[in-house]
Amino acid sequence: MPTVTTAARLHFGFQNLSLAHERLYGGVGLALDEPRLTVEATRAETVRCDDAATEPYVRRVVDALDVPGASVSVDERFPRHVGLGSGTQLSLATLIAVVRAYDRTADARTYAPQLGRGGRSGVGVAAFESGGFIVDGGHPTERFTAEPPAEGDWDVPPVLAHHDVPAHWRFVIVVPDTDPGQSGSAEDQSMRQAVERADPGIADEISTLLTRRVLPAIATREHSDFGQAAARLGRLNGAWYADEQGGVYRPPAGELVDSLASAPVISGAGQSSWGPTVWGLTTADYESEGHEAGVLALDAADVDGTVSVVAPRNTGASLTD
């Protein structure tokens, strides 16, 4: 039975949301080794799925591939709409599992738009393909319209930069027990409102930050420099989203970021995508201390939640028969 295993990603932010510049969006992020999801598929005459949240993805895949049906099971999964990219990973894992069940081949990047993925950021698709740290090229600004494009009427943004993430780096992942982050039509509306009033000067600062600090730090494997620069990129993005998410970070992420960043073993902290997930960067030598910093951050914010310390993932999704 074809089985596809993939995992979460962090999204640090975009390079540009202003209509004053030539290219829009341009995601920056990286692949994590956990939490993971595993999808299995076999041929079927109809759509059968043991998970109600996954069934819509299966139907999209079956339609895109023009096959009669598929029986799909999800053996591992991670939370939806918390900023870890579950939707893209689940849809692409389902695609590849069903493709293999029919003894066919398919390129995830090519099919992603038909599955509703890669419309703004290309980080999730690239993470599924090859893992690592990713910067994508965004979309031509002239293609932006007040209404969302028709389903599938886009190409996944090209990868501009890709680097392996040092294996000894660790990411403290804090997921507070709050309402899920934005998704679907609500996310589309919020993004369009942010774009329509985005300050182009922020994009100019991010461009300098990316080329002078983020990319050199990942290329030279400078742990502290990378964490601080990625955190700064997130804060700058938050200035664009403040009206849409209730602040530079979506509450209570701001308190969590502040507390986590103050821990001596943490080099930079930020919010992933719309949150509520917060990340902090440490190393394998300080896993236990990093975990404790995450727990203390939840305590300081007076919220429940989960804390994990995970490695980066420098390979794409795996497929076994």
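Glu-244 counts as buried, with a relative accessibility of 16%. In this predicted model, the side chain of Glu-244 meets that of Arg-197 in a salt bridge, with an N to O distance of 2.1 Å. The contact links distant parts of the chain, since Glu-244 belongs to helix 7 whereas Arg-197 lies in the loop between helix 5 and helix 6, 47 residues apart.

Arg-197 also forms a salt bridge with Asp-243, for which the closest N and O atoms are 3.6 Å apart. Asp-243 is located in helix 7 (residues 223-245) and Arg-197 in the loop between helix 5 (184-196) and helix 6 (200-220), so this pair ties together parts that are 46 residues apart in sequence. With 43% relative accessibility, Arg-197 is classed as partly exposed, while Asp-243, at 63%, is classed as exposed. Glu-244, in contrast, is buried at 16%. Through shared partners, the salt bridges join Arg-197, Asp-243 and Glu-244 into one network.

A further salt bridge is found within helix 1. The side chains of Arg-59 and Glu-55 meet there at 2.9 Å, N to O. Both residues belong to helix 1 (residues 55-65), and because they are four residues apart, about one helical turn separates them. Arg-59 is partly exposed, with a relative accessibility of 41%, and Glu-55 is likewise partly exposed, at 26%.

In total, 10 salt bridges are counted in the model, among them the pairs Arg-59 and Glu-55, Arg-197 and Asp-243, and Glu-244 and Arg-197.

Definitions and conventions: Residues numbered from 1 in each chain as written. Predicted model: local features only at pLDDT ≥ 70, side-chain atom pairs only at ≥ 80, totals over all residues. Heavy atoms only, no water. Salt bridge = Lys/Arg side-chain N within 4 Å of Asp/Glu carboxyl O. Helix = DSSP H or I, 4+ residues; strand = E, 2+ residues; numbered from the N terminus. Buried < 20%, exposed > 50% of the residue type's maximum accessible area, 1.4 Å probe, protein only.
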